Amino acid sequence: MHSSVTSSYTLHCGRQAALPPKYMWRSLFATGRSLTTSLRVPVASVDKRCFAMAQIHAATATRLKSLEDLQVTSSYTSELPGDPVTENRLRQVENAFWSAASPTPTQTDPYLVAFSQEMAEELELDPADITRSLFAEVFTGNAPIPGSSSQTYAMRYGGHQFGSWAGQLGDGRVVNLGEVEGRNGQKWELQLKGAGKTPYSRMADGRAVMRSSIREFIGSEAMYHLGVPTSRALSIAGTGASVVRDMFYNGDIKYEPGAVVCRMAHSWVRFGSFQLPAALEENDLVKQLADYVVKHHYSHLQGKPDPYLGLLQEVISRTVKLVAKWQAVGFTHGVLNTDNMSILGETIDYGPFGFIERFDPNFTPNTTDFAGRRYAFRNQPQVAQWNLMALATSLVTVGLVEKVTPALVVFDCSHTCSAAHIFYCERNAHMPALSLHLVSDQLHIGTAAAAIAATAVAIRPVLLTYHLHSP
């Protein structure tokens, strides 16, 4: 215990917060917009982490980049077939993985709400450059990245929603800017969520509101520091325009401030990216995508006798571990459709997510799921299993995988929750291990449920709060 030690960590515009040694507090303050957010995230050795980050910052201070220095490329559009139609209009797309799509300018004055210094440093962006008005223009889609010739696009995919096949879905309010290399040579794919309509917007307006953008920004960063694989967020910017929304789907329509969140991941390929071409018998496309994913994200499988089966096994393994960590920290995704499942086993698409505040296995943050609770906290392992079977079926259908034995894909709640308990104990090695059987006996529940209870009750709370006051 370092009771006399405090650390500092900056994740916002122009202000620094003091951190207690056992918790990392982050506060985001936007000048001119009274926005305050706080996270309480348990992180081991926070002082070492902050010291390491300070060293990294010092080491890169002489080579920080401006927006003009960003080198944007796109292996996704250069290596995979695209839609020959370049008009940004609604349509059914065939034999393609992406369609050209550009952000739709709002013709208003955008403003920066908050940015992650951590992710800015990952891209080696100069913090001073982020405060330029150009940054808000670029990351709301009102201006292109200076000097970039990379094609912006929307991804085509399909999926099962609430267990029913939904056909073509795709990026309905996301425009992909391309790939930027991080400081360690890893590529990050940048997206603007809320930047306007795409060919896949269906009946929606392609926009996002401030409250949901704040949630995604905070949620993804909190999950990362809880040790859960996840997409990240670079910035939130207000568009200066209003968006019409019915928050509770009860007819109470209101104008809300619009926003765009720049989110980042090493890949945005989803289970549904394989499902749609497989369902439409575009078999060559499924193989091309599998080869692309193996080449860029599972390169150790190249040259192996059965790389596609190996790919499936890797995705299963990563997904099982991901769901175990969700259960360990009390995270409920809320909308686990197959199009929201990452091929890298990362948490993506923060929509109606939530954290259980008291142990309730039936908890769901999704109001549209209250009746059936398909995506409730307790059901996440089984739903992940169902989604993995859907992915496996796509690979089997086109002949990339000959057969899938039930043992390969099936994992039950007890296995996942036991893994969750192990994850919790590894992160809290200084605390006495909780006996699953003891908890089970005391609560008169099964060992699987006891594992959830043990992790949910014992792990320190995650506080996600924000206050937004319009000017």
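The exercises below work through confidence, aromatic contacts, cores and salt bridges in a predicted model.

**Exercise 1. Confidence**

Task: State the chain's average pLDDT, and find where the pLDDT is below 50.

Solution.
- Start with the chain. Its pLDDT averages 80, and 73% of the residues score at least 70.
- Go to residues 1-46. Here the pLDDT is below 50, and the stretch has 127 contacts in the model beyond near neighbours in sequence.
- Then take residues 429-471. The pLDDT is again below 50. This stretch has 84 contacts beyond near neighbours in sequence.

**Exercise 2. An aromatic pair**

Task: Classify the ring pair formed by phenylalanine 353 and phenylalanine 355 as stacked, tilted or edge-to-face.

Solution.
- The structure holds 11 aromatic pairs.
- Two quantities describe such a pair: the distance of the centres and the angle of the planes.
- For phenylalanine 353 and phenylalanine 355 the centres are 6.4 Å apart and the planes stand at 85°.
- Planes over 60 degrees apart count as edge-to-face. The pair is therefore edge-to-face.
- Now check burial. Phenylalanine 353 has a relative accessible area of 5% and is buried. Phenylalanine 355, at 12%, is buried too.
- Place the pair in context. Phe353 and Phe355 belong to one aromatic cluster with Trp326, Phe331 and Tyr350.

**Exercise 3. Charges over rings**

Task: Which rings lie under arginine 232 and arginine 374?

Solution.
- The charged end of arginine 232 sits over the ring of tyrosine 224, at 3.7 Å from its centre.
- Arginine 374 lies over the face of tryptophan 386, and the distance to the ring centre is 5.1 Å.

**Exercise 4. The nonpolar cores**

Task: Describe the largest nonpolar core and say which element supplies its largest share.

Solution.
- The core has 54 residues. Tyr76, Phe274, Val293 and Ile343 have the most contacts inside it.
- Look at the elements. Strand S8 (153-155) and helices H7 (271-279), H8 (283-297), H9 (307-329) and H10 (380-397) each supply at least two residues.
- The largest share comes from H9, with 9 residues.
- Inspect isoleucine 343. Beyond four places in sequence, its contacts include Phe274, Val293, Val315 and Leu391.
- A second, separate core has 25 residues, among them Val72, Val180, Trp188 and Ala195.

**Exercise 5. Salt bridges**

Task: Compare three salt bridges, those of arginine 156, glutamate 256 and aspartate 291, by sequence separation and burial.

Solution.
- The total count is 19 salt bridges.
- Arginine 156 pairs with glutamate 282, with the closest N and O atoms 3.1 Å apart. The partners are 126 residues apart: arginine 156 is in the loop between S8 and strand S9 (158-161), and glutamate 282 is in the loop between H7 and H8.
- Buried means under 20% relative accessible area. Arginine 156, at 2%, therefore counts as buried. Glutamate 282 has 8%, so it is buried as well.
- Glutamate 256 meets arginine 211 at 2.7 Å, N to O. The pair links strand S15 (residues 254-265) to helix H6 (residues 210-225) across 45 residues. Glutamate 256 is buried at 11%, whereas arginine 211 is partly exposed at 22%.
- Aspartate 291 and lysine 287 meet at 2.9 Å. Both lie in helix H8, 4 residues apart, about one turn. Aspartate 291 is partly exposed at 32%, and lysine 287 is partly exposed at 39%.
- Finish with the network. Salt bridges that share partners join Lys193, Glu216, Arg263, Arg270 and Asp349.

Conventions: Residues numbered from 1 in each chain as written. Predicted model: local features only at pLDDT ≥ 70, side-chain atom pairs only at ≥ 80, totals over all residues. Heavy atoms only, no water. pLDDT = per-residue confidence, 0-100. Contact = heavy atoms within 4.5 Å. Phe/Tyr/Trp six-rings, centres within 6.5 Å; stacked < 30°, edge-to-face > 60°. Buried < 20%, exposed > 50% of the residue type's maximum accessible area, 1.4 Å probe, protein only. Lys NZ or Arg CZ within 6 Å of the ring centre and 35° of its normal. Core = buried A, V, L, I, M, F, W, Y, C linked by side-chain atoms within 4.5 Å. Salt bridge = Lys/Arg side-chain N within 4 Å of Asp/Glu carboxyl O.
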